[in-house]
Every structure is written in structure tokens, then in C-alpha cells.
Number of protein chains: 2
Amino acid sequence: MGLRERKKHRTRTALIDAAVDLFLAQGYEATTVDRIAAEVDVSTRTFFRYFASKEEAALSLLADQHEVFIAELAARPADEPPFTALTEAMRAVLGILRGLEPAEATRFLRLQELIQATPALLAGQLRLMMDNERQMVAEVSRRMGAGPDDLRAQFVVSLFASMGIVCYGGCQDPRLIVQRFEDLLDLAAASLRPGWDRLEPAATGTPETAAATVPRPSPAT
Amino acid sequence: MGLRERKKHRTRTALIDAAVDLFLAQGYEATTVDRIAAEVDVSTRTFFRYFASKEEAALSLLADQHEVFIAELAARPADEPPFTALTEAMRAVLGILRGLEPAEATRFLRLQELIQATPALLAGQLRLMMDNERQMVAEVSRRMGAGPDDLRAQFVVSLFASMGIVCYGGCQDPRLIVQRFEDLLDLAAASLRPGWDRLEPAATGTPETAAATVPRPSPAT
DNA sequence: TTGTCATCTGTCATCGACTGACATAAATTA
DNA sequence: TAATTTATGTCAGTCGATGACAGATGACAA
């Protein structure tokens with residue numbers, strides 16, 4: 001790797017570090033891009049050559065995590081049921097979080113709190129998750145041997161993703177995220193039929209299964 | 001209602017109309033607030049007295065719909081299972097959409113497309129949905145006779161909400177939203193155990209139900 | 001009707017996020 | 001070292017958003 005690239009990588013890392021530190025210290029809105037750039041001793045214009053927006057810098061750590069997740073998912077054995085693969089990929093990511101140095105882990109969790117508490121960042125995080133979901137759907141579809149936008153795949157993924165959101169969202173104490181995730185898995189296991197994530201397309205709408213809980217239309221208002 | 005309030009309401013409506021029309025005609029980013037305000041013949045400053053941001057104006061129709069949804073949900077019979085209540089409330093909202101004049105319905109659906117295609121608006125919509133979910137969780141918790149942040153309630157709601165996102169998100173032809181929703185319901189009915197949304201807290205983690213699909217930990221990486 | 005009061009609105013000044021254009025400096029390659 | 005590519009800084013400018021002040025307008029009581 002040439003000097004040029006190394007330098008760029010260093011600048012980028014320094015910008016993210018400075019940004020996160022400042023955000024944690026004085027809040028996201030209260031921190032100007034000028035201030036971040038000054039901290040790293042580059043011009044404001046340069047900041048925007050590295051990040052499309054202030055938000056992108058704030059969420060880049062999260063974006064990295066998402067990439068790791070996608071990689072872990074792709075690495076799961078092909079014969080694993082989709083939901084299991086998603087779950088194990090998530091456990092792997094959480095495991096990495098555990099393996100971090102305490103200081104760094106704390107910083108990451110504090111950043112999570114800040115995101116939850118900052119509307120603009122929360123919105124950005126949700127959009128990021130949605131982008132991620134698209135990739136998950138692609139992978140799950142592939143595993144199911146279905147077309148790229150299979151509804152069953154979207155169902156599995158969005159069910160899983162919503163668990164993730166509940167996990168991160170309502171947590172007062174970030175150290176409980178892992179516990180909460182496992183609780184939600186138990187809940188899912190108790191709620192879902194065995195093999196639900198391997199349904200044949202034909203199974204959809206079968207009389208004996210459908211309408212078990214949800215009665216049909218009732219010609220609404 | 002006094003003249004003052006009527007006038008305010010008229011201005012607000014005019015601003016939303018002008019904003020939506022311009023957004024649809026030339027795109028969200030390409031439309032300045034100045035332009036919207038000029039269209040309604042008020043100052044830019046006044047625009048920001050009605051809406052906290054350009055985004056808020058763009059999403060206000062959606063926000064209204066969410067309010068309707070919450071109201072419909074609250075109006076469902078108390079003995080209805082939570083997921084059924086959510087489903088019927090959704091059907092009611094979709095029914096209202098159907099009852100609209102064709103021109104207005106088209107406009108609304110085109111707005112949906114625009115939101116999906118505009119990152120900033122998509123992010124805003126997702127945040128809006130999350131706010132809404134909080135209210136749904138509160139209502140579902142109440143129905144379950146549980147505490148305000150019950151995990152089961154969050155699970156039910158987020159499962160339902162993720163269906164809504166899939167519904168609106170991946171739709172090429174917006175007129176298929178209703179069909180898609182019903183398909184997803186079938187899928188849910190086929191995937192979930194009867195009575196899953198009425199689980200007793202104690203049921204969580206019961207050996208016979210848990211671990212049916214998802215094997216336990218496997219001490220991850 | 002009139003005068004007082006609360007409220008709405010426009011104008012102005014300002015900040016901060018973000019972008020295009022151009023010049024300069026640094027790294028890469030020949 | 002010379003030539004080329006690429007990253008950075010400077011500058012000017014747009015647009016979203018906010019505070020402050022002053023003038024206009026509807027609400028209400030005497």
C-alpha cells in the first residue's frame with residue numbers, strides 16, 4: 001500500500017475519531033464540521049471529500065459493523081436455515097464487540113446512546129439498516145433458491161431486523177444488548193412454527209395454516 | 001373556530017399542497033423552501049413557523065396517516081388479540097386510502113414513491129414510523145395488561161411494523177400495496193403459531209417451544 | 001366602535017452544512 | 001529530474017434553519 005493511501009486512511013480514521021469524541025463530549029448538533037476539521041488540522045472542504053455529510057462520519061462505525069455482519073452472514077454454511085444464519089451472524093458481531101478493549105467498547109456503546117438520542121442520527125441509522133436489509137434479502141433469497149426480491153426472504157429478514165432495532169433501541173443499559181437479543185430469540189422461537197423460515201412458496205395461503213390467528217378481510221371501513 | 005385559526009389552517013394546507021406538488025414536479029432536493037413559500041405567497045420565515053423543517057412538510061401527510069392508524073387501533077375491541085387489532089387498524093387505513101378521490105390517491109402514492117427514492121425523506125419516514133411504533137407498543141402493552149415497555153409487545157409491534165415497511169418499500173406499483181399486505185399476512189399466518197401474540201410471559205424460554213428452530217448459543221466467536 | 005392585547009407575519013442578520021471552481025502541493029511514475 | 005496524477009486549501013456561493021425586532025391583524029372588553 002503506497003504512502004498516499006496510508007495517509008488517506010490515517011486522515012479518515014483521525015476524522016472519525018475526532019468527530020465521535022466531539023459528538024460524545026458536546027453533542028452532535030453542537031459540534032460543527034469546522035471544529036472537527038480543525039481538530040485533525042485539515043480544511044473543512046477536505047472533511048467533505050472524505051464524508052458526504054456530517055451524519056456519514058457519525059455513522060461510519062455502524063456502517064463498518066454492518067459490513068462485518070454481511071460478511072459473517074455470507075460465511076454461514078449454505079444448508080443452514082435462513083433465520084439461523086442471520087442469528088449466528090448477529091452473535092458473531094456481538095462477539096466481536098465483546099472482544100474489544102473495554103475503553104473502545106464503552107465508546108461504541110456511548111455512541112449508540114447518542115444516536116438513539118439524536119433524531120437526525122436515529123433517522124440515518126434506520127436508513128442504514130434498510131440499506132443493509134436489502135443486502136440481507138439478497139443473500140437470504142439466494143439461500144432459499146428464490147428470485148432476488150422474494151417476499152418470504154423479505155419477511156424473514158425484516159422480522160430479524162426488527163429484532164435488532166428493538167435490541168438497540170429500547171436499551172437503557174447498553175451492556176444488556178446481548179441479553180436482550182437472546183430474550184427476543186426465545187420469544188421468536190416460542191412464537192414461530194418450527195421450520196417457518198423454510199416455507200415452500202406453495203404453503204402460502206393454505207387454508208389450514210392461514211387464518212389461524214388473523215381472520216379474513218371483514219370488508220373494512 | 002375563529003377566523004384566525006381558519007386562516008392558519010388554510011395556510012398550512014396550502015403550504016403542504018404547494019410543497020408536495022413542487023416535490024413531485026421537480027424533486028425534493030431541487031425544490032427550495034423559498035420557492036414553496038413564494039407559491040403560497042408567504043415569507044420563508046413563515047414556512048418555518050408552520051414546519052420545523054422542509055422534511056416535516058414533506059412527511060406531514062404520512063404523519064397524519066399515522067395518527068389515523070393509532071386512533072383506529074385504539075378503537076379496536078379490547079378483547080381482540082394484539083396482532084389482529086394491528087392488522088384491522090391497518091386495513092382500515094388502507095380502506096380510507098381506497099375511498100379517496102382517484103386524483104388525490106394517485107398523488108399520495110406518487111409521494112410515497114418519491115419518499116422511497118429520496119434518501120433524506122426515506123430516513124425521515126423511518127424515524128416517523130419508529131415514533132409511531134412507540135405509541136403502538138404502549139397500546140399493545142395496555143391490551144396485554146403488561147408494563148409500558150413489555151418485550152412481547154415490542155416484538156408483536158416490530159414484527160407488524162416491519163411488514164408495513166416491506167409493504168411500502170419494495171413496491172414498484174403502489175396500487176399493489178394492499179395485495180402485498182394481504183400476502184404478507186398470509187405469510188405471517190403460515191409462519192406463526194396460533195395464539196403467538198397472546199403468550200404468557202412465563203412461556204418465554206420454555207424448553208419445548210424454545211430452541212425449536214434456533215439452536216442455543218454455540219459459544220460464538 | 002374603539003382601544004387594548006395577544007398573536008401572526010415579514011424583514012434582516014446570521015449560522016452552519018454543503019458544493020463547484022480553481023490553484024497549489026504532494027505523491028507516483030517514467 | 002520531469003511529467004502526470006491526485007489530494008488539499010482557498011474562495012465564493014447556495015440553501016436550510018433560527019433569533020430578534022417591528023409592523024399588521026384578528027380577538028375581546030368596555
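The following legends describe close-up views of a predicted model of protein chains with DNA strands.

**View 1. Helix α5 of chain A.** Helix α5 of chain A runs through residues 82-99 and contains 18 residues. From its first C-alpha to its last, helix α5 reaches 26 Å, close to the 26 Å expected at 1.5 Å a residue. Of its 18 residues, 15 are buried, so α5(A) is largely enclosed by the rest of the structure.

**View 2. A nonpolar surface patch on chain A.** Three residues, A:V68, A:I96 and A:L100, make a nonpolar surface patch of about 200 Å². A:V68 is placed in helix α4 of chain A, which covers residues 54-75. The relative accessibility of A:V68 is 31%, and because buried means under 20% and exposed over 50%, A:V68 counts as partly exposed.

**View 3. The protein surface near DNA strand D.** DNA strand D is surrounded by 22 residues, and the closest are A:S43, A:T46, A:R49, B:L3 and B:K54. Both chains contribute helices to this surface: α1 (3-26) and α3 (44-50) of chain A, together with α1 (3-26) and α3 (44-50) of chain B, each supply at least two residues. The largest share, 4 residues, comes from α3(A).

**View 4. Polar contacts to DNA strand D.** Within 4 Å of the protein, 59% of the atoms of DNA strand D belong to sugar or phosphate, and the rest belong to bases. At the phosphates, a polar side-chain atom of A:T46 lies 2.3 Å from a phosphate oxygen, while a backbone N or O atom of B:K54 lies 2.8 Å from a phosphate oxygen. At a base, an N or O atom in the side chain of B:R4 is 3.1 Å from a base oxygen of DNA strand D.

**View 5. The protein surface near DNA strand C.** Around DNA strand C there are 22 residues, of which A:K54, B:R4, B:S43, B:T46 and B:R49 come nearest. Of the atoms of DNA strand C that come within 4 Å of the protein, sugar and phosphate account for 56%. Helices α1 and α3 of chain A and helices α1 and α3 of chain B each supply at least two residues of the surface near this strand. Here α3(B) provides the largest share, 4 residues.

**View 6. Polar contacts to phosphates of DNA strand C.** A polar backbone atom of A:L3 is 2.9 Å from a phosphate oxygen of DNA strand C. From chain B, a polar side-chain atom of B:K8 lies 2.9 Å from a phosphate oxygen of this strand. A polar side-chain atom of B:S43 lies 2.8 Å from a phosphate oxygen of DNA strand C.

Definitions and conventions
Residues numbered from 1 in each chain as written. Chains lettered and ligands numbered in written order. Predicted model: local features only at pLDDT ≥ 70, side-chain atom pairs only at ≥ 80, totals over all residues. Heavy atoms only, no water. Expected span 1.5 Å × (residues − 1). Buried < 20%, exposed > 50% of the residue type's maximum accessible area, 1.4 Å probe, protein only. Patch = residues over 30% accessible without salt bridge, like charges linked within 9 Å, V, L, I, M, F, W, Y side chains within 5 Å. Areas by Shrake-Rupley, 256 points an atom, 1.4 Å probe, with all protein chains shown as cover. Salt bridge = Lys/Arg side-chain N within 4 Å of Asp/Glu carboxyl O. Near = heavy atom within 4 Å. Polar contact = N/O pair within 3.5 Å; in protein donor to acceptor, adjacent residues only side chain to side chain.
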